[in-house]
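Reader: Got a minute to go through a model with me? Put it up and I'll start asking.

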Amino acid sequence: MVKRSEPLRGSINKRDAWVWRGNESGMFSTASCRTWMSMGRIQTSSKSISWLKWVPPNVLCFIWKLDLGRIPVARNLIVRGVQDIPISCSLCAREPEDIDHLFIRCPTAEEIWRRVSWWANINLYQAKSVGDLMLIQQNNRLTKMQLKSTTLIIYTTIWLLWKNRNSWIFEKRRFSVINMLEKIKTQAFVWVKNRGAKVIVDWEKWSSCPLNAITSL
Ligand SMILES: [Zn+2]
């Protein structure tokens with residue numbers, strides 16, 4: 001996908017560069033990434049990432065990297081050779097900060113998933129790993145629109161758990177569980193309202209019954 005180009009033979013001033021091979025221009029874009037993946041040229045661990053257009057591209061790319069296990073949680077940074085950082089979770093200090101701890105097992109994450117599950121009336125809090133959450137794509141008991149709505153809610157929750165972690169590490173500010181839940185509801189609503197094509201979503205219905213709140217035009 002991305003490779004280090006061959007240095008020009010005989011030149012001592014030319015430097016290596018990273019080149020995106022997903023399109024002819026060599027410039028990375030989410031669309032070219034999506035096309036590349038649909039061609040089966042990127043293997044993800046679960047092969048279940050949904051490139052839902054309701055979700056902004058930067059968030060989708062974060063989810064993709066998360067699925068590949070390549071986001072900068074403490075354990076990954078230390079494996080890459082970053083030194084002098086604590087490995088323990090900055091939010092709870094109970095376990096090393098790896099992906100499944102931060103997004104699943106951390107008490108903050110557990111409580112958020114429990115409350116999101118109550119709100120959306122779908123069981124997301126028994127997932128044992130991020131990979132389990134991604135398997136929602138294979139849930140054939142949901143309608144197509146309910147599946148998209150659930151994916152939106154999962155991706156939004158993951159994104160805001162990450163933002164909450166960064167806010168605590170870099171600004172020493174963290175959000176309450178109630179505040180987080182409101183942010184998840186609002187952020188997901190704003191995304192689908194602004195980015196959803198040919199859909200109708202009503203805030204009152206979204207607040208109380210999100211999986212049935214989005215309808216096609
Ligand atoms: Zn924790």
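Reader: Where does leucine 124 lie?

Author: Leucine 124 sits in the loop between α5 and α6. Helices here are DSSP runs of H or I with at least four residues, strands are runs of E with at least two, and both are numbered from the N terminus. One caveat up front: this is a predicted model, where local features need pLDDT of at least 70, side-chain atom pairs count only at pLDDT 80 or more, and totals for chains, interfaces and linings use all residues. Residues are numbered from 1 along each chain as its sequence is written.

Reader: OK. Is leucine 124 exposed or partly exposed?

Author: Leucine 124 counts as partly exposed, because it has 19 C-beta neighbours inside 10 Å. The cut-offs: buried is 20 or more other C-beta atoms within 10 Å of a residue's own, exposed is 12 or fewer, partly exposed is in between, and C-beta atoms are placed from the backbone.

Reader: And what is leucine 124 in contact with?

Author: Leaving aside neighbours within four places in sequence, leucine 124 contacts Trp113, Val116, Ser117, Leu133 and Ile154. A contact is two C-beta atoms, placed from the backbone, within 7 Å. Glutamate 110 is 14 residues from leucine 124 in sequence, and their C-alpha atoms are 9.7 Å apart.

Reader: Zooming out, how many helices and strands does the chain have?

Author: Nine helices and four strands. From the N terminus the order is β-β-α-α-α-α-α-α-α-α-β-α-β. Of the 217 residues in the chain, 25% are buried.

Reader: Which residues have the most contacts inside the largest nonpolar core?

Author: Ala109, Leu152 and Ile158, in a core of 39 residues. A nonpolar core is a set of buried Ala, Val, Leu, Ile, Met, Phe, Trp, Tyr and Cys residues joined through C-beta atoms within 7 Å. At least two residues of this core come from each of α2, α4 (99-105), α5 (107-120), α6 (130-134), α7 and α8 (177-195). The biggest contribution is from α7, with seven residues. As for alanine 109, beyond four places in sequence it touches Leu102, Phe103, Ile104 and Leu161.

Reader: How far does α7 reach?

Author: Helix α7 covers residues 144-171, 28 residues in total, and reaches 39 Å from first to last C-alpha, close to the 40 Å expected at 1.5 Å a residue. That expected span is 1.5 Å times one less than the number of residues.

Reader: What follows α7?

Author: Lysine 172, with a positive phi near 55 degrees. Lysine 172 lies in the loop between α7 and α8, and it is exposed because just 8 other C-beta atoms are within 10 Å.

Reader: Why bring up the sign of phi?

Author: Because most residues other than glycine have a negative phi. Aspartate 84 is another non-glycine with a positive phi, about 65 degrees. Aspartate 84 is in the loop between α3 (74-79) and α4, and it counts as exposed, with 5 C-beta neighbours inside 10 Å.

Reader: Back to α8. Which of its residues are buried?

Author: Met180, Ile184, Ala188, Phe189, Trp191 and Val192. They cover an arc of only 165 degrees around the axis, which puts them on the same side of α8. The arc is taken over the directions from the helix axis to the C-beta atoms. On the other side, Ile178, Asn179, Val190 and Asn194 are exposed.

Reader: What do the buried residues of α8 pack against?

Author: They pack against α5, α7, β3 (199-201), α9 and β4. Between α9 (203-208) and β4 (214-216) you'll find alanine 213, in the loop. Alanine 213 counts as buried, with 21 C-beta neighbours inside 10 Å. Beyond four places in sequence, it contacts Val201, Asp202, Lys205 and Trp206.

Reader: Last one: where does pLDDT stay under 50?

Author: Residues 1-15 and residues 40-46. pLDDT is the predictor's confidence in each residue, from 0 to 100. Where pLDDT is low, the predicted coordinates should not be read in detail. The chain averages 84, and 78% of the residues score at least 70.
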